[in-house]
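Reader: I'd love a close look at one part of this model, namely how its charged side chains pair up. Could you walk me through that, and then show me what lies around it?

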Amino acid sequence: MSEAPAPAPPAAGPDPWTGTTWRWFALLAVATLALALYDLDGGPGFEPIDCWVAQTAREMQAAGDWLVPRFAGETRMQKSPGPYWAVMLTSLARGTPVDTVSARLPSAIAAVLLVLTIFWLAHRIAGERAARFAGFAASASVLVLWWSHRAASDLGLTACTTAALAALWIGSEAARGRRTRVALWLAGYFAAGLGMLYKMPMPLVLVGLPAVLYVVVLRRWTILASGWHLVGLALFLLPWLPWAVAVIASDPAALLRWRVEFLDRFTGDLPNVAGQRALPWWFTYFGAAALYTLPFTLSVPAALLRALRPPEGVNRCGTHFLALWFVGHFAFFTVSAGKEWRYLLPAVPPLLVLLGIELARLFDPRRRSNPKLERAAVWAVWLGVPLVLTVAGLVGLRRWYKLSGALELEGLATGRDVAIAFAVTGAILTVGFGLAATLYRRRRAAASFALLVITMWGVWLWAWPRLLPLIESQRAYIDFARQLRDEIPPEYRAALRSVGFQDSRVVWYSDVRFPRVIDPLRLLREQRGPRSLDYEKRRTAEEIIAALERPAPALFVARFEEYMELRIQGPPALAAEGRRLPPIRHWLQSRFGDFGQHFVVFSNVAPPFPEPELRLTDKLRARLAAAEREAERILAARTPASASAPAD
């Protein structure tokens, strides 16, 4: 192998890891691990992105098939299997079936690895003090606290790509010795490969784009002058390429599925992201960046500016790398038509490292004070935090009311329970942030920062089991799933079909597996080009009506709005063809939440229990009646007058 290029020395050289550094590192590791493992079996229920991972792992484990992911009996090869394997391995290690804890535990581990990587990278760029601030700010951030308790693949991907970029940069610019540089390069390539296994093909962009920007913008071409990068490329391919080749060999449609999931999502040709091209969506990730860096969001602009002009003793190449990393990711996700706030997670770690540098300056007791400004800031915190929390509380109460079943049977909890949960959360935040501001004004900067971190930890320990289950409740979905599991006789389950996009919560909470009305691959082949949501809706309606007209039992699970669309638009459309909507029998309807959370099970045959009456508002009843009258009018207009005249 050719000799690796000598690294550009940091401004003051990376500090060696002293005994104090290791003690801070150990304290950070223990605290983050305790927070990440806290009450993994509690809190709010799974959301759709959690259920996709958990249910797929459950079905793969039940089938004993580790190659082809399946969900609700359908092939699910849009995603690589890393998250499913992680959940399955966790389940096997615990000796339990796939459950809530098994599904969340990989993200908890990823949270710890992410925080420790942030500490490591900050130490190499700016020294021990900045590393402490970066590490503990990360452990107290919304990103780590919230996503450590999710089953989705995003935090695992973030941990892999962050470790890869940190290892590659440190190996190139701040390693001590040739062997260390090469080892870090190879570790970086392998971590990127694990990221591909976790959620391909994102690491190609998430690791490749910052690396290319760094080499090109800062003209660090000499980094590439080593044959060890070819070995690294082999290590990058090792975790995921064998699986991809095996899957393509077993399913020739795999490449088509990947094209739809990856390319069409980016371009906006995927129907469920087609509406995200509007102008407001171009600004959505500013909100994501602000949320995930709480409670240190107000320092983010200064942290980004300081990346361009770092303080003395901070590696300038390192801060430029962090800035290019964040900006590259932010620009890519903004340009992509498919947008979700969780997509931005891999762009947040460089912000947290930069925040460590900025917070180390901000909380430096030697920093020149401005008594008037600090006094105003203290009052702003004591008065502003309760005001912001009041507004947030009203929004949360509205959400709780919406989820509580106000239109239906009963609430999730009493208003008193919700008010207490909000009040305690607000009190912890107000007192904690207010005292931190007061300590800061009294020149006790270290205690002030420590109190901010402890306050966020305390809020999390309270809110996760007591507040979040109320405002992020999944009761409407859990209850319907249990109805589906308990009320539908086993002999009818083979006739179940899902209308439109599947809601993974219904499948996860019931473990009743039923495919869609039309396989998505079949729809894709029928269209022979970009997917059209209108076409897919029309074809789905045709298949439903055809099944309703046949004598064999057919059961359909539909979102309430999809069902009402069929009932309101179907009769006039069929009447124009001289047909009537076949009789529909109702089996089940959601009992909780507003109609936006409702599902309906309907069929062409009567249920083996008393048929429930469909619950509707008066406005919807009027629309149904109007649709029936319009259908009768159209049919009457199509009937010749002679056909209705009596014979002589």
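Author: Happy to! Let's start with a group of five: R522, R538, R539, E542 and E543 are joined in a network of salt bridges. Please keep in mind throughout that this is a predicted model.

Within that network, one pair is worth a closer look. R538 and E542 bring their side chains together in a salt bridge, with 3.0 Å from N to O. Both belong to helix α26, which covers residues 533-549, and because they sit 4 residues apart there, about one helical turn separates them. An α-helix has 3.6 residues a turn, so residues three or four places apart point the same way. As for cover, R538 is partly exposed at a relative accessible area of 43%, and E542 is partly exposed too, at 36%.

How many salt bridges does the structure hold? The count is 29. Two others make a good contrast with the helical pair, starting with D511 and R58, whose closest N and O atoms are 3.4 Å apart. D511 lies in the loop between α24 (504-510) and α25 (520-527), while R58 is in helix α2 (residues 48-63), so this salt bridge ties together parts that are 453 residues apart in sequence. The two partners also differ in cover: D511 is partly exposed, with a relative accessible area of 32%, whereas R58 is buried, at 18%.

The other is the salt bridge between the side chains of D503 and R559, at 3.5 Å from N to O. Here D503 comes from the loop between β3 (496-498) and α24, and R559 from strand β4 (residues 555-559), so the pair links parts that are 56 residues apart in sequence. D503 has a relative accessibility of 8% and counts as buried.

Charge also gathers on the surface. K372, R375, R441, R442 and R444 form a positive patch there. Of these, R375 is found in helix α18, residues 371-403, and is partly exposed, with a relative accessible area of 37%.

A nonpolar counterpart is made by V212, V216, V217, W221 and L224, a surface patch with about 480 Å² of accessible area together. V212 is found in helix α10, which runs over residues 208-217.

Now for the covered side of things. Helix α5 (residues 128-139) is mostly covered, with 11 of its 12 residues buried. Among them are R132, E128, F133 and F136. From its first C-alpha to its last, α5 reaches 16 Å, close to the 16 Å expected at 1.5 Å a residue.

Helix α20 (residues 445-466) has 22 residues and spans 32 Å between its first and last C-alpha, close to the 32 Å expected. Its buried residues include W457, W460 and W464, along with F449, L452 and M456.

One last contact in space involves A421, which lies in helix α19 (residues 415-441). A421 is buried, with a relative accessible area of 4%. The C-alpha atoms of A421 and L470 are 8.9 Å apart, although the two residues are 49 apart in sequence.

So, back to your request: the network of R522, R538, R539, E542 and E543 is a good place to begin, and the salt bridge of D511 with R58 then shows parts 453 residues apart in sequence being tied together.

Notes: Residues are numbered from 1 along each chain as its sequence is written. This is a predicted model: local features need pLDDT of at least 70, side-chain atom pairs count only at pLDDT 80 or more; totals for chains, interfaces and linings use all residues. Side-chain values use heavy atoms; hydrogens and water are left out. Patches are made of residues with over 30% relative accessible area and no salt bridge: like charges are joined within 9 Å, nonpolar side chains (Val, Leu, Ile, Met, Phe, Trp, Tyr) within 5 Å. Accessible areas come from the Shrake-Rupley method with a 1.4 Å probe; for residues, only the protein chains shown count as cover. A salt bridge is a side-chain nitrogen of Lys or Arg within 4 Å of a carboxyl oxygen of Asp or Glu. Lys and Arg count as positive and Asp and Glu as negative; His and the chain ends are not counted. The place of a charge is taken as NZ of Lys, CZ of Arg, CG of Asp or CD of Glu. Helices (H or I, at least four residues) and strands (E, at least two) are DSSP runs, numbered from the N terminus. Buried means under 20% relative accessible area, exposed over 50%, partly exposed in between (1.4 Å probe, protein chains only). The expected span of a helix is 1.5 Å times one less than its number of residues.
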